[in-house]
Amino acid sequence: MIQTINPNTNKTVKSFEEMTEKAVDAKVAKAQEAFTNWKETSYEERANLLHKVATLMRVKKSQLAKTITLEMGKLLSQAEGEIDLSANIIDYYADHGEAFLADNALDPEFGSAIIRSSPIGALLGVMPWNFPFYQVVRFAAPNIMVGNTILLKHASMVPQCAASIEQLFEEAEAPEGLYTNLFISGKRTSALVSDKRIKGVTLTGSEKAGASIATEAGKHLKKVVLELGGNDVFIILEDADMEKTVEWAVVGRMNNNGQCCVASKRFIAVEAIAATFIQKFKDKLSKMKVGDPMDSATELGPLSSEEAAVHVADQVKRSVDAGATVLLGGKRANREGAFMEPTILTNLKPGIAAYHEELFGPVASFYVVKDEQAAIDLANDSDFGLGASVFTQDIERGKKIADQIDVGMVFINHPTWTQADLPFGGTKRSGFGRELSELGIHEFVNKKLIRVSGLNDPF
Ligand code: NAP
């Protein structure tokens, strides 16, 4: 079902028709046709279009942010922040794309050679609901700069966000087929990967959906990028600045109502300061004002859907049944909507759900360890490898720890976060490939070698 359901009330607001196979086929044909022209455009033309889209996004910020909050429940102030971040990412690629994609001159033994970055064609992006604008632009903007065209299958629960993004491109007078929204269900999406007109695919979302897309991409020999889940650690060492650390711990766990792939999910404190940290952290979480995400006084809104809230409450219950202790919360909040109380679990051991699974909601897992090495070992005892944070006043010590944690991103004295000029992505079951920064623009590019030799040069 492609629907807007307000998670603050669990009431259905608007439903959309799924596209028929025939309609999807026509959209794919248009994207392919658009590619034949778009690949011939100059970087300047591509950048101008992207700047227009970014400007329109900023002009419509208030309206777009309200749509985000309505559909997936993030606090309105955070939705506005997402629009600013998304517009910045679009501008970033418009400003720097040409330099990132410039010919790379090589120095062969004889003759000359360059590596030229060429576009590859129409790409399929499959995106989640948790950052409905940001997730899309971090894939679409660099690839439009490359000269590729975009088919976007968004999460079924954010259809109005999905349609708004397509509309921004229309209003910016993008050629038809350059950016196309596909209203289709997740179930139908993997089958699209086999379409010969689609040259590459990326998915941000769960491991299950990622595996489904990657299986099809493998079968049909297509490039795939996967940005999947995480179980990021937040390590607190004895020399951390406790007041600031606790403030960042709250942001790291509760931002986006606890639904960030890079949220701090496992809090690991060394013995010396564990009691102080947990008392302050618990105190702050217990005072969070839970309520309507449109209300500026609210500090914690609903989860994205009733189904998501039921799932997180079930993960907590299964963990408690297996021996975990609830330090705070632990239940659905006592009000209508997809709410969950701010929760802290401890006494977590291998075999308990919260030890292994990603808790995509306002639930912190708390661990006490003997020392730094035990914190590193625990951090690495996870199938995920997305991000990690280390809090210490000794930056060199933080960097040495960063070297030993098996993840894609380590932040020292900050929760894992994102900006246009920093690469984003994970390792292990958190996926592969990178988005953002210069790295992100090279994922769906043919790095073409052009070699010039003299007729009498050796073979
Ligand atoms: P999800 O169920 O995997 O949905 C993500 C997208 O995949 C949606 O568009 C969904 O469509 C589609 N989909 C679902 N099943 C599919 C299938 N079998 N084949 C192809 N596409 C399919 O993920 P979610 O639960 O909504 O999102 C939360 C997850 O995303 C968390 O694990 C989070 O950590 C991860 N995430 C990762 C990053 C990162 O950068 N690493 C960023 C954000 C989120 P429908 O909506 O129609 O089902």
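Helices (H or I, at least four residues) and strands (E, at least two) are DSSP runs here, numbered from the N terminus. The model is predicted, with local features needing pLDDT of at least 70 and side-chain atom pairs counted only at pLDDT 80 or more, while totals for chains, interfaces and linings use all residues. Residues are numbered from 1 along each chain as its sequence is written, and side-chain values use heavy atoms, leaving out hydrogens and water.

Around the ligand lie 30 residues (each with a heavy atom within 4 Å of it), of which Trp129, Arg138, Ser156, Ser206 and Glu358 come nearest. By class, this shell holds 13 nonpolar, 13 polar and four charged residues. Helix 5 (134-146), helix 7 (186-192), strand 8 (198-204) and helix 8 (207-219) each contribute at least two residues to the shell.

Turning to individual side chains, a polar atom of serine 156 lies 2.5 Å from an oxygen atom of the ligand, and a polar side-chain atom of serine 206 is likewise placed 2.5 Å from a ligand oxygen. For glutamate 358, a side-chain N or O atom is 2.7 Å from an oxygen atom of the ligand.

Conventions
A polar contact is a pair of N or O atoms within 3.5 Å; within protein, one must be able to donate a hydrogen and the other to accept it, and residues adjacent in sequence count only if both atoms are side-chain atoms. Ala, Val, Leu, Ile, Met, Phe, Trp, Tyr, Cys and Pro count as nonpolar, Asp, Glu, Lys and Arg as charged, and the others, Gly among them, as polar.
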